[in-house]
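Good morning, colleagues. Please look at the sequence and the model on the screen, and then I shall take you through the interior.

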Amino acid sequence: MLFRSRLVTLFFAATLTIIAATSPSLHAQVVIDNGLDTNVTNTTVNDLVIVADDPNPPNNPTTLTVEDPAFIIGDGFDDSLWAVENSIINITGGTIQEDVVSFDNSRINMSGGIAQDDFFAQDNSVVTFSGGTVAEDLNLFDDARVIVNSGQASGSDTELANRSSLTINGGVIGDNVTAFNRSFVTMHGGRIVDDLELIGPNTSALITGGEIGQDIEVLGGEITITGGILGTQGVFDSGFASDNGAVITLVGLMFEIDGVPVSHPTEVNPLTGFLSGTLSDGNSFSDIPFVRGFFGGGPLPEVPGRILLVPEPSRALLLLLAFTLTLLPRHRRRPSSYS
């Protein structure tokens, strides 16, 4: 997705000002910058709504809550709702027809309603999903953070880049998640409908739980997988794909390459084949294909990717450590009144 350029000039207003277009390049805007809490409920807005800080000292942030049955149509040029500066938008219901965008240090919390188009988070903004639906793409840029606890945070594709981070604790992300250029994905729960893709040498991911429907493709980045349910759709294009020096690390027990048990730890040597095993959280996977090399077709690269199979910490070792600690001498402190 292309980086969203910020084309708006904020107009100062005490409460709510409607600004009419003065040229073909400017569209009607509603700016809310009163530094107070404002609700949009039984309202249809035909313009771009911009939520900003109070321009008057001490420049308090403005909080806007969108509730059922509000309907924000937008400016007709892809934008419906913007959060800028330090403002806060709470979406608990209603319908937003065009794009939702967070800029600067703003926050957007979505717990209900539907965003019918794309959702953008950029700059240092934070977006939290605990419900609701985003019908189209979710895009993160430039240090933005998105946390998905529940709801449908993307109905199409999700892309993140430039030091942005995506944390998935629950909910649904569909179809694919693609991370570029120093971005980071953490997944503890929830579901990615299709593929998880990492592109770039400084891109990374940690998967401890959740579900990934199809392929895990890493082109130059690193991913560590300790848990989760993999390949829930049962159909793969490449399975585990590692290319251009990328590293996929699987942490667990009872790994097999092409049906043959392997010792631990080990590095996968074949360029193609099938992997099975049990991850640290107890979830097993069976006969997922892997490829170490260019998985889009054509010749293999000079630096194929790596796939590492790493054992989880031995339970027996942990028990032995616990038993050893019980044998250590114990020293009681003398009460200070008797010193």
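How many aromatic pairs does the count come to? The count comes to four aromatic pairs. Please bear in mind throughout that this is a predicted model.

Let me begin with one of these pairs. F119 and F129 meet edge-to-face, with 5.2 Å from centre to centre and 65 degrees between the planes. The two residues are 10 apart in the chain, and the pair links distant parts of it: F119 belongs to strand β14, residues 119-121, while F129 belongs to strand β15, residues 126-134. Are these two rings buried or exposed? F119 has a relative accessible area of 0%, so it is buried, the cut-off being under 20%. F129 likewise counts as buried, at 0% relative accessibility.

I turn now to a second pair, F255 and F285. Their ring centres lie 6.5 Å apart and their planes stand at 45 degrees, so this pair is described as tilted. F255 is in strand β31 and F285 in strand β35, residues 284-292, so the pair ties together parts 30 residues apart in sequence. Both residues are buried: F255 has a relative accessible area of 1%, and F285 has one of 6%. Which residues form one aromatic cluster? They are F240, F255 and F285.

Next, the nonpolar core. The largest one holds 64 residues, and those touching the most other members are L81, F119, F129, I223, F240 and L275. Strand β31, residues 247-257, supplies the largest share of this core, namely four residues. A second core, separate from that one, has 10 residues, among them V84, F103, F120 and F141.

L81 deserves a closer look. Setting aside neighbours within four places in sequence, its contacts include L48, V49, L64, V66 and I72. Further along the chain, L81 also contacts I89, I91, I96, D99, V100 and V101.

Finally, the protein as a whole. Which elements of secondary structure does it contain? There are 36 strands and one helix. The protein has 339 residues, and 49% of them count as buried. Among contacts between residues at least 6 apart in sequence, 34% join residues at least 24 apart. The accessible surface comes to about 15,700 Å², and carbon and sulfur atoms account for 54% of it.

To close, I return to the aromatic rings: F119 and F129 form an edge-to-face pair, whereas F255 and F285 form a tilted one. Thank you for your attention.

Note on methods
Residues are numbered from 1 along each chain as its sequence is written. This is a predicted model: local features need pLDDT of at least 70, side-chain atom pairs count only at pLDDT 80 or more; totals for chains, interfaces and linings use all residues. Side-chain values use heavy atoms; hydrogens and water are left out. Buried means under 20% relative accessible area, exposed over 50%, partly exposed in between (1.4 Å probe, protein chains only). Contact means heavy atoms within 4.5 Å. Accessible areas come from the Shrake-Rupley method with a 1.4 Å probe; for residues, only the protein chains shown count as cover. A nonpolar core is a set of buried Ala, Val, Leu, Ile, Met, Phe, Trp, Tyr and Cys residues joined through side-chain atoms within 4.5 Å. Rings of Phe, Tyr and Trp (its six-membered ring) pair if their centres lie within 6.5 Å; planes under 30 degrees apart count as stacked, over 60 as edge-to-face and the rest as tilted.
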